[in-house]
6 protein chains.
Amino acid sequence: MVRTDQLTWTEYVEKLEGDPLVFLPVGAHEQHGPHLPMGTDAILATRMAEAVAGRLHGLVLPTLTYGYKSQARSGGGQTFPGTISLDGQTLTAMTQDIIRELARHGVRRLIVLDGHYENQWFLTEGIELAQRELLTSGTQMDIVRTEYWDFCPQHVLDTVFDGNFPGYDLEHAALIETSMMLHWQPELVRLDAIPQDDQAHFEIFDYYPQDGAGVPASGVLAPARGASAAKGQLITDNTVEAIIQALQAKFCDR
Amino acid sequence: MVRTDQLTWTEYVEKLEGDPLVFLPVGAHEQHGPHLPMGTDAILATRMAEAVAGRLHGLVLPTLTYGYKSQARSGGGQTFPGTISLDGQTLTAMTQDIIRELARHGVRRLIVLDGHYENQWFLTEGIELAQRELLTSGTQMDIVRTEYWDFCPQHVLDTVFDGNFPGYDLEHAALIETSMMLHWQPELVRLDAIPQDDQAHFEIFDYYPQDGAGVPASGVLAPARGASAAKGQLITDNTVEAIIQALQAKFCDR
Amino acid sequence: MVRTDQLTWTEYVEKLEGDPLVFLPVGAHEQHGPHLPMGTDAILATRMAEAVAGRLHGLVLPTLTYGYKSQARSGGGQTFPGTISLDGQTLTAMTQDIIRELARHGVRRLIVLDGHYENQWFLTEGIELAQRELLTSGTQMDIVRTEYWDFCPQHVLDTVFDGNFPGYDLEHAALIETSMMLHWQPELVRLDAIPQDDQAHFEIFDYYPQDGAGVPASGVLAPARGASAAKGQLITDNTVEAIIQALQAKFCDR
Amino acid sequence: MVRTDQLTWTEYVEKLEGDPLVFLPVGAHEQHGPHLPMGTDAILATRMAEAVAGRLHGLVLPTLTYGYKSQARSGGGQTFPGTISLDGQTLTAMTQDIIRELARHGVRRLIVLDGHYENQWFLTEGIELAQRELLTSGTQMDIVRTEYWDFCPQHVLDTVFDGNFPGYDLEHAALIETSMMLHWQPELVRLDAIPQDDQAHFEIFDYYPQDGAGVPASGVLAPARGASAAKGQLITDNTVEAIIQALQAKFCDR
Amino acid sequence: MVRTDQLTWTEYVEKLEGDPLVFLPVGAHEQHGPHLPMGTDAILATRMAEAVAGRLHGLVLPTLTYGYKSQARSGGGQTFPGTISLDGQTLTAMTQDIIRELARHGVRRLIVLDGHYENQWFLTEGIELAQRELLTSGTQMDIVRTEYWDFCPQHVLDTVFDGNFPGYDLEHAALIETSMMLHWQPELVRLDAIPQDDQAHFEIFDYYPQDGAGVPASGVLAPARGASAAKGQLITDNTVEAIIQALQAKFCDR
Amino acid sequence: MVRTDQLTWTEYVEKLEGDPLVFLPVGAHEQHGPHLPMGTDAILATRMAEAVAGRLHGLVLPTLTYGYKSQARSGGGQTFPGTISLDGQTLTAMTQDIIRELARHGVRRLIVLDGHYENQWFLTEGIELAQRELLTSGTQMDIVRTEYWDFCPQHVLDTVFDGNFPGYDLEHAALIETSMMLHWQPELVRLDAIPQDDQAHFEIFDYYPQDGAGVPASGVLAPARGASAAKGQLITDNTVEAIIQALQAKFCDR
């Protein structure tokens, strides 16, 4: 059992004695094409956190399931119904509040594991503000913040994309996410609905008010065709392993 | 399938055509004694929303799993490790942001279903601020806000408590919640850890800084002994039915 | 003289040497039917604070005369002209600011005495945030927060209501408040205008945008008929006495 | 009766039909030397508003009795115990919230009458933000904002100061305020405690953190000696008259 | 070189060893009539800071070039296109953030030099909030806040205005500012466009929503005719000297 | 003349008739190694905006010279003295306030041109919030947001880096920025102080509290050796040209 919401407070206190790594998965409620569920980012961040925590005797907090506003060039943008996004300050406040409470409990090692590209800087600000606050009480907490996909080894990308990885920018509801979902929650993937669109082409800049220009009608930014559970397993196994190694190197005493 | 995070955006759009009731369950991450998991309020609000939504062709949003600060006299208070609480403004902002987005989608009927007593007024403020904002664009959304336990019929309480229901104030991690968890997620209940404490006795007032005075060491405010899955089923079945009737009466066309 | 705004700062400094209880009364500017003034909640909270402070050598701060948004089921709601309500965050900030300043003066015992039901949680949050701030400077202040009516003894309610007390929920501009106003400020009560309405009947849930459904046109939620100055005196005398005893028990050294 | 908190909501509605001027007095809780009460600014603003409203069939709202932070050169500063000051944003929010509600009632003419120099800009911002908000709903409200002393005629100052008026900057707890209090609430003035200090001398700049440099120990910035009820009446009568004329000229139809 | 943005961080660190006065000039982007550029307040505050800092081995931070909302009676108001104003809270936050960072560097003496009348109180609040924050870490920073014109000697005003100085209130885009710009940046002054308007006449009070009543169409509040570079030099030389003397007296060890 | 702060308001109004592109450059006050000034990001964004605006008959607003918190992996981080960073919300509010005012003037085309990587998302949020606000008044403004370096053509990078461009991540105070500064403001570059460090190596994740791990002592993240004014000209000329083409394509009527 690694999820804190499934522990009693007495069990949690016992586990804190081991100074565990605590994981905060962060996702979004965002369109992911006609074939993936809107909770995809939250599901993948949660699964990834559970896999890593399970190996490192860590704990996983309830996932932040709503994220920052989707942008056209990375997630298709705010013009899709179904996408439910927070103001930046709200996500920042969520992060700061949770860290403050964990510090009160005595948690000393937190991994904020993000699965939604647009969240990054508002999570960063929440952590910065929390650290400023912890400083006033002399409390120390090591906090790591990362997107899980940054750990996927190059050789895996080479294999999965036959050497033609187009970059993460357009990997929204595309080959990687679809494969990972097929590996972990295939019942939530509608294989028949995978669109035949090609890769999206965008201007170099962002434009507001968001008007969906350049975004395929499906909401999928790069081909998801060729996704498979096997590729999903290859990606997740290697990414989990790389995260574990990075965290072990950072917190070498474990 | 009633959970929006498990729908694709295209499925969601289809379902919105039926003008469904949309449910936002709200819980907490809060100590619930040595026998119930810290996610109890979130779990029960979610299950209740799913049960009602399932009957009414409604949709259920991802649960707000973190809530407002626990208070001694209703939840044991903030002195327990494991309780992770938000500032009031954060919970209010979460609520307002989500409603703003739902309005953009065309959702017209929202039920905010709360399972954590302390959340009530910050949810209310989030709804009030959202309605003020919707007014500027002439958007209309019917929003119902409620705690699920208010619908439990008196005859059920009489049966469950043998006519001695002490009031909801102290029903924290006690007979009702324990029974409901035994009904819905018995694998998360540690029957052997149910404390033998009697009912808590508090001053009439709130005191700050919170010092846990009057709170039993277990965090349980009234006896949980005698809880059973059967009682849980009795409570939930009747409460679900009462909520359905109230919503049908309010939104009579369904 | 117990009101701080009527003291010079030099007199205040002298009084602080005795480590007095300091009272912050909180009310509202809210419709109270056609027979009670809109300042009723503020007037009653102030009078109650003055009565208690007078007996305990305490001090009374200027009353917060504007409160949180009226709700249909407890105060008739925001649809009435005349009701002037604050956003939750504003009331919270007022509370936090005042506590910060009192701490600078060396006040160590504060009683936040509320006379408007809807204020409760935003006062609580103001106190919680102030205590968090005081913690960074190692300042200790004992803060009690309460609604005055919680101290009214049951036997008084039995007498006043002939054993049929319907609960505080609907006691808005009704028998208790009208009697108290007749006792303390009869010149502000329009006896001839007391409505003949019966008790209001509400849905179990809150609904937004507020539409006044279920609220009698008068704004009075339960019968005020039968109110009298004698009942008012009975209520206030006993409630004042109960508050004094509770505070003496808490701060036993006085 | 001109105070809205002493009106029933039904009486208030009737009075609104005449499109009255509504007054919001704003003061402070601030040291005013060893001879004047800390509520002086609030008391004087309130009295002035009541006098003007009484003549113009206007209404007076409950006074904002807490103001912005006292500054050394205008009020003696924040180093005195007893002074209770708000953050600027809190005062701004109070102002904005109240205007929003008045607009809902149909109030169309508001006079924000300030008696505490330091409040000015945070009131201004509250009004600006409220007007921005009203604009989104097409609501029009005429709002006048002023300090009452700006209306005191020069010939009155010449008389009262024998031609040696030193300017308002240092008129804190000095001749004008003491005389006005002697006129309106002599029972709150401790004539025997008027200090013999001369006028304060300050640097040209403000310095932070506030350290009280240049501020007389009494907190009085200019001589209060020679204050009298007669001078107070002369000041108030003429100032009230001047405000009335200015408002009549502005809102000429009344 | 006194501008920090033109120093490398290594040079800055060296200079900090001398415990220099650090200057934060604050201006506005505001209409200044048909003859002065909209950056006038920012330009003058910057030049003044550079002149003083140059003499005192001080450092000058990048100027805050956007200020608080222009008011009719002091700057012509918000009805002019071209005026770009911040909300009060934004200016306050800018100030607080910058001070927090300077404190981290070890800066111990800051002069906030304002050239836009309307900025004053939001700068004050930013400084007050920053000092509150510094207090939690025991950090001491001496902060002086001032408008530069307060240091202009009376004899200079007598000379420049031939003994008829009308007060600073209406000195917007008028004789003083025009002369100073002619002295420092004559290429930005359109002498041919100086309006022939006389002095503006205003009501005693502020009115909202701002409607430009009383403001000359040019935006100039008092005659700028007669402005000259020579007068500008006289003003600036004497004002710079007076500021230097005041700062030397305050920080006597330099 | 393309800088709005150097225009009179009357000139500005005339220019607005041509519906010009208006540019808001955004930079930072951040360490840029021992050889570049701390204003580098602000200087480069300003110069770039001026160059583009000069060609397109556009206008340039005063630069936002303070930016969001420096991060170790992109700017060396917050551990350096001299870096002065804003909270995210402050930068967001600055952006929103400026857009609100431009909309009032009738500006319809805004380019937010960023020169500091860490600013991106807080600018985005400011724009999103401003657009939400403009929507309530039915105002339309086209807003483009971009980092200038995204327009540097690949062939230029190939030439400048001899085909070994390491990516923008580490291009902080390195070859590109140093060359651009040598081209535009060589007097601010200390060629003799260019460090001999190699490229920085970082963990894959961000770590907080920032501790400078992996950041070279100089603050330079990749070699600046080989920088030259000629390379700077090549980069800037081509980048300016690419931005012009993109803007012309977007706003094709000019």
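**Core and helix contacts in a predicted model**

Reader: Which residues does L110(C) contact, leaving aside its neighbours within four places in sequence?
Author: Happy to start there, with contact meaning heavy atoms within 4.5 Å. This is a predicted model, where local features need pLDDT of at least 70, side-chain atom pairs count only at pLDDT 80 or more, and totals for chains, interfaces and linings use all residues. Residues are numbered from 1 along each chain as its sequence is written, chains are lettered from A in the order in which they are written, and side-chain values use heavy atoms, leaving out hydrogens and water. The partners of L110(C) are V22(C), L24(C), L61(C), I99(C), L102(C), M141(C), D142(C), I143(C) and V144(C).

Reader: How is helix 4 of chain A set against helix 5 of chain A: roughly parallel or oblique?
Author: Helix 4 covers residues 88-105 and helix 5 residues 120-136, both in chain A; helices are DSSP runs (H or I, at least four residues) numbered from the N terminus. They pack at about 40°, with axes (lines fitted to C-alpha atoms over the stretch in contact, angles from 0 to 180 degrees between N-to-C directions) 8 Å apart. Angles under 35 degrees count as roughly parallel, over 145 as roughly antiparallel, 65 to 115 as roughly perpendicular and the rest as oblique. So helix 4 of chain A is, relative to helix 5 of chain A, oblique.

Reader: Is E101(F) buried or exposed?
Author: E101(F) sits in helix 4 of chain F and touches Q78(E), T83(E), I84(E) and S85(E), not counting residues up to four places away in sequence. Buried means under 20% relative accessible area, exposed over 50%, and partly exposed in between (1.4 Å probe, protein chains only). With a relative accessible area of 6%, E101(F) is therefore buried.

Notes
Helix = DSSP H or I, 4+ residues; strand = E, 2+ residues; numbered from the N terminus.
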